[in-house]
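Me: Please take a close look at the nonpolar core of this protein, and set it in the context of the rest of the model.

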Amino acid sequence: MGATAVIPLTLLPGRADVPRIGRDRLELLTTLIEAPGFDPLFRDTLIYVPAQHPVFAWQCAVEGCERIRRVGHNLCGTHYLQWEQAEQTGQTKRTFMNTATPLPAARGVDYGRCRICPDRPAGNPTTRLCHQHHNRWQRGAAAHLDRNHLDQWALAQHALPGYGPCKARCPFLACTSVGLCFQHQARYQTDKRPGGARSEHIHGRIQDGRQLPVTYDDEPAFHTWCAATEPVSQPGLINLHGLPPLVRAEIQWGLHTHAHQSTQHSHWPLNSVRNLVKHCWRGAYTSLMDFHDESYKNLTRKQMDSEVRKALREIVHGLRCVYYSPSDTKDAGFLETDHFGRRFKNAQSNFDLTAVPQRWLRDLLWDHLAEWLRSPQCPRTRGPFDQMRRAAVELGVFLQADAPNAGHDPTELRREHAERFVADQRHRARHGLPSLGMVLVDGRSPTVTDLSCQFVFNGARKLLYSAITAGHAERLAIDTGFLTAIPFGGTGLKQRSRNPFSDDVARALTDETNLHRLEELDLNDRGLRDIWETIVATGRRCSEVIELRLDCIGRYRGLAMLWHDQTKVGNYNEGIRIPDPIYHRLDARRTKTLQLYEKRYGHTPAATERPGLALFPSRIRNPNGHQAISYGHFNHRFKTWITNLDLGGAYVAHQARHTLATNLLRAGATLTHIRRYLGQLSERMAEHYVKITHSDLEDILNTVWVAGPGAPTPGKLLSGDTTPMDRETALALALDLSRRSTPADGGFCTYQPVVDGGSCPWKLDCENCDNFVLSGADLLYWRRKAEQWRTIAENAPDDATADYLHTVFEPTAKAIKGLEQALAALDLLDEALTLDLRRPQDYFHRTWSTAFRARDLAALSPDNIAGQP
């Protein structure tokens, strides 16, 4: 049983027999509530929630304390003030909660029934006696008895008759002859006793406990007050007494579904649920479905606060899936993604389609979206749904104004109507006019642009073509010319990709003083600076860093690693190396997050709780610490920071990703390395991120390459002195060479079948292969090889064996010598000799991209390479 449960007993919208609809809905909910899977806790009219309920906990977290916790905290008001003072002394919350003194309930608590009189309520928490027996025990004949003999004394007393139930539409027992319970009696006094009800004091009757006669100044006024006064409120009690049956059943169902949600749920303070009950009771509503956006959006906070609205919206959204079947939602003009087992992130199940004026067009849209939801290739986000809805709304509103019969009769539509719609959209985009049908949240109409035209044309074209393929066009007798007249909008507008940060901007965004200013904008210390520095150092997407989990870092064989989810491309729990300063910063943030967790809950997270905790937890709507801060929050603060720095441009955090990609290419990384490191699907996307600057081209022009299979002239030595290249050729060569090699033992293989994943036809005999390439990063490897072979030759048993070994190694020695000379000509020899392959960042060094064919290096001699590489 859950919020997405669907049963076929649903109602067609638009029926006029409202009482019958209410009865049907009540029968439906009653069936659900009586089902075995429904939580028995929420079946009764008086719902007594356990003090430390997993979802609706209401009692102070100090062990033994019976008082109500403050909203947003797990301590009562008294203990919270004590904790604030203890926190200033450096005491942890866990220690405070272990040493705090529990407090008794303050007021409004039901103490049960008198231990002597089963028909009278107890009025004292200590003795648990009714008022009359308590007075006898305290001041009557038993006043002289030992206070420890209460139980023996109570056994000798006689039960007194009760006063019946409370007259104020309340399920509790009355405590006096007036007929009101303790709380309503106190409220009656506060309201200045309307009607003047009072009991006459007759000594004999008081003694034997008989009910006293009641007199009134105005008896109808008293009964009017009893009918109008609100139900009583007690700690841990949700009192549904007096509500209409359907409203009561809806609230019970809402409490059950909220408490048993498996996904992240919002926090409902118990007081907010009681306020919702009071609001329903005051307004005499017959169903929570009577509420909709127009009915409570204009209410003040005093009338209905945000917490009540949050709970109400969640219940109403869930009830739609119960009251409406998929076919019913189609008739009503909306779609429920929960009916198809889908829920987009940060979105409700309800998707409104009523903005499309024509029923036939709205049905086409509903069928198309439903087919998406059923498909395994359903969009990952709600964006395509919004674009398709906008296309249908724009088309429908235009037809309403231009077509015969406002476009409601599809048989009257012709090709010219679609052509006029296309012309109107283009006209609005060219002149910057507002949209006809779309309305923003603030009530304004968005401006039509070339990009919105593209989305509208593609969406409308796809929607109308689906009517042909699905057979709806024949059923509706729609003209084929109208369905096929809307042109293809294109695959994407030519937009400039974001540039990397320039040197001065990059220095400003990593300056310690400026970073401190970003920290000042983080009012609640949620880690905005930590997020930004991690983005800069790792090039991760903003959402990937924001959504980091608590235990996302660790050291493995001494190496600092970061584990994250690349949800955009479907890579989960991916690990990358990170610099030690970033590791220490994230480790410090983890410590702060644990401190915040302990401060909020009074204990450290258990081993089963840690994997789900967010490293940068949100401060709101985060009852269990799993919800990270939103991208909108980070982006808003980041924009404010950029504006305050006055850098002369509108920079965004994502440009750090472009900057890192460009720096990796400048350091010699191939597009394959960049694609894998940044978590991209294709090397074409890596090219989109990589920017070649003029200084990078100068490095390429000055680099000696031996042409590989991808070069215009394979096997030719490329040199800045002997082979001039223009800018375009150098750029093409730099991007092409990165794709046409694969690591081999001591160098790179450029044989394309092997690069593409095939097996080597020469059985990995790299040293004797024309396709074997040496790079500067391989110099130390081959130098060590040379030393090993030289040692073997020197230790040979005779001169003949030594000479043979020297002869075998001579071609490799010449290649190493040529490699050293070529690197020296490029001033890269010292860097190659100091390269430490144990550091992954050195894999992206320029020496990796300085590669030469082994045979060509062996053929070099001091005579023909003097003065040139």
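Reply: A suitable entry point is L369, which touches L335, F351, L353, F385 and M388, leaving aside residues up to four places away in sequence; contact here means heavy atoms within 4.5 Å. A second, separate core of 46 residues includes L509, L521, I535 and I576. A nonpolar core is a set of buried Ala, Val, Leu, Ile, Met, Phe, Trp, Tyr and Cys residues joined through side-chain atoms within 4.5 Å, and buried means under 20% relative accessible area, exposed over 50%, partly exposed in between (1.4 Å probe, protein chains only).

The model is predicted: local features need pLDDT of at least 70, side-chain atom pairs count only at pLDDT 80 or more, and totals for chains, interfaces and linings use all residues. Residues are numbered from 1 along each chain as its sequence is written, and side-chain values use heavy atoms, with hydrogens and water left out.

The largest nonpolar core has 47 residues, and among these W360, L369, L399, F421, F482 and I486 touch the most other members. At least two residues of this core come from each of α14 (359–374), α15 (383–402), α16 (415–431), α17 (450–469), α18 (472–476) and α19 (480–484). Helices (H or I, at least four residues) and strands (E, at least two) are DSSP runs, numbered from the N terminus. In soluble globular proteins, nonpolar side chains tend to be buried together.

Confidence can be considered next. The pLDDT, the predictor's confidence in each residue from 0 to 100, has a mean of 79 over the protein, and 79% of the residues reach 70 or more. Among the elements, α14 has the highest mean pLDDT (94), whereas strand β10 (residues 705–706) has the lowest (36). Over residues 1–16 the pLDDT is below 50, and this stretch has 38 contacts in the model beyond near neighbours in sequence. Residues 836–846 also stay under 50, with 24 contacts beyond four places in sequence.

Another leucine, L243, lies in the loop between β4 (237–239) and α9 (245–259). L243 is buried, because its relative accessible area is 6%. Not counting residues up to four places away in sequence, L243 touches R248, I251, V277, C280 and W281. The C-alpha atoms of L243 and S287 are separated by 10.0 Å, with the two residues 44 apart along the chain.
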